[in-house]
Amino acid sequence: MFLKELFDVDEEIYLVEPNYYSQRTIESTIKYLENIRDIIETNKLRIIRITTGGKTVGLAIFNPATPEVPIDFWSIFTSAITSFQNAEFESLADSIIASNEPERVIEVTHSNLHEALIEYYSVLLVNRETCTDCTMQLEPYNSVYAEDRIDRLLELLERLGSEGLSFEGNMLEICCGNGMSTIALHRLGYDPLSIDYEKCEVCQGLEHGVLNPRRTLVMDATKLSRFLEPERFDCIVGFMLGTIYEFNKDIWSRMMVESAKVAREGATILFTVRSKPEMDLLEKALQYAGIEGRAIDNNDSSGMYDQWVFVGTKIRK
């Protein structure tokens, strides 16, 4: 696991927060750190201080084996994913390390730490530790992934690239599902941050090795800006976004607004849907979000996947 490599430890590592979403508010982290601060004077601990740019962004605290938990492990407390500067975390961390000198200080980049945290939660998902009542069985690869659909998407991407559309830079893929379209992106050399709200679909993609565990998140695309930095991405894509109807168009509109928030000005935007009515609704939502572009009729005889394509750019902040 990347976290163990990053912190150079042999023992198991456990994040205090149960999921990626809770890393934004770090309520459990704050509660446990308050308890640790209160006992630190009489109970010296093994602590690793984690820094980025010399600033404390995390603490790793060693837990020796006990009869109840018969393994040694490190608990990780971090504010790395909070969308704001968490003064309470900083104050608690400073108080703890002032009273208990860390045995080591490890400097990490924000991107490496972020990928390590993402991978941790991906592993939890695949190991069924976030949904212990899961009854889903791994289906054979060939019954899940359709090579003809992947080939058609490859043709579309290559054609758009030859026409001057750029997919270079930091890419976000929304509504990735089980990674069917992500396969095409990977084959073309792209490494998107892929997200989807349906964790069973994401789990399937991770189990098949189609989705990159360091670059895959279970996330609601209507809440992108709560977790991802503004103007972070050079390219945002999403394939077969549907189904978009009049009754749920507001949800898709919020997704487009959120996508625009995390896209830099001039970023490439590429979305596909199945039908013309869906594209009409999507175009209105994109225009409202500050995305300028055009719809392309990509219909084939099957009438199944990626029949309508929107390509454009973000034109305003």
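Let's begin on the outward side of helix H3, where Glu27 and Asp38 are exposed. This is a predicted model, so everything described here is computed from predicted coordinates. Turn to the buried residues of H3 and you will find Thr29, Ile30, Leu33 and Ile36. They lie on the same side of H3, because the arc they cover around the axis is only 125 degrees. A general point about helices helps here: an α-helix has 3.6 residues a turn, so residues three or four places apart point the same way.

What do the buried residues of H3 pack against? Their partners are strand S3 (55-63), strand S4 (73-78) and helix H4 (87-99). The length of the helix can be checked too. H3 runs over residues 27-39, and its 13 residues should span 18 Å at 1.5 Å a residue; the end C-alpha atoms are 19 Å apart, which agrees. Within H3, Lys31 and Tyr32 are worth a look: the charged end of Lys31 sits over the ring of Tyr32, 5.4 Å from its centre. Another contact of this kind involves Arg214, whose charged end sits over the ring of Phe2 at 3.9 Å from the centre.

Now to the interior. In soluble globular proteins, nonpolar side chains tend to be buried together. In this model the largest nonpolar core has 60 residues, and the members that touch the most others are Phe7, Leu172, Ile174 and Met256. Helix H5 (residues 110-126) supplies the largest share of this core, seven residues. A second core, separate from that one, has 23 residues, including Val144, Leu153, Leu156 and Leu270. To see how one residue is surrounded, take Leu172: leaving aside residues up to four places away in sequence, Leu172 touches Leu193, Ile195, Leu224, Leu228, Phe233, Cys235, Ile236, Val237 and Val262.

Val9 is another residue to visit, in the loop between helix H1 (2-7) and S1. Is Val9 buried or exposed? Val9 counts as buried, because its relative accessibility is 8%, and the cut-off for buried is under 20%. Among residues over four places away in sequence, Val9 touches Lys4, Ile48, Trp74 and Arg104. Val9 and Asn63 are 54 residues apart in sequence, with 13 Å between their C-alpha atoms.

Finally, let's look at the aromatic rings, which form eight pairs. A pair of aromatic rings is described by the distance of the centres and the angle of the planes. Tyr20 and Phe227 make a tilted pair, 5.9 Å centre to centre with 40 degrees between the planes. This pair links distant parts of the chain, 207 residues apart: Tyr20 is in the loop between strand S1 (12-15) and helix H2 (22-25), while Phe227 is in helix H10 (residues 224-227). Both Tyr20 and Phe227 are buried, and together with Tyr21 they form one aromatic cluster.

Phe167 and Tyr190 offer another geometry. Their centres are 6.0 Å apart and their planes meet at 65 degrees, so the pair is edge-to-face. Phe167 lies in the loop between helix H7 (147-162) and strand S6 (171-173), and Tyr190 in the loop between helix H8 (180-187) and strand S7 (193-196), so the pair ties together parts that are 23 residues apart in sequence. Phe167 is buried, with a relative accessible area of 3%, and Tyr190, at 17% relative accessibility, counts as buried too.

How values were computed: Residues are numbered from 1 along each chain as its sequence is written. This is a predicted model: local features need pLDDT of at least 70, side-chain atom pairs count only at pLDDT 80 or more; totals for chains, interfaces and linings use all residues. Side-chain values use heavy atoms; hydrogens and water are left out. A nonpolar core is a set of buried Ala, Val, Leu, Ile, Met, Phe, Trp, Tyr and Cys residues joined through side-chain atoms within 4.5 Å. Buried means under 20% relative accessible area, exposed over 50%, partly exposed in between (1.4 Å probe, protein chains only). Helices (H or I, at least four residues) and strands (E, at least two) are DSSP runs, numbered from the N terminus. Contact means heavy atoms within 4.5 Å. The expected span of a helix is 1.5 Å times one less than its number of residues. The arc is that of the directions from the helix axis to the C-beta atoms. Rings of Phe, Tyr and Trp (its six-membered ring) pair if their centres lie within 6.5 Å; planes under 30 degrees apart count as stacked, over 60 as edge-to-face and the rest as tilted. A charge sits over a ring if NZ of Lys or CZ of Arg is within 6 Å of the ring centre and within 35 degrees of the ring normal.
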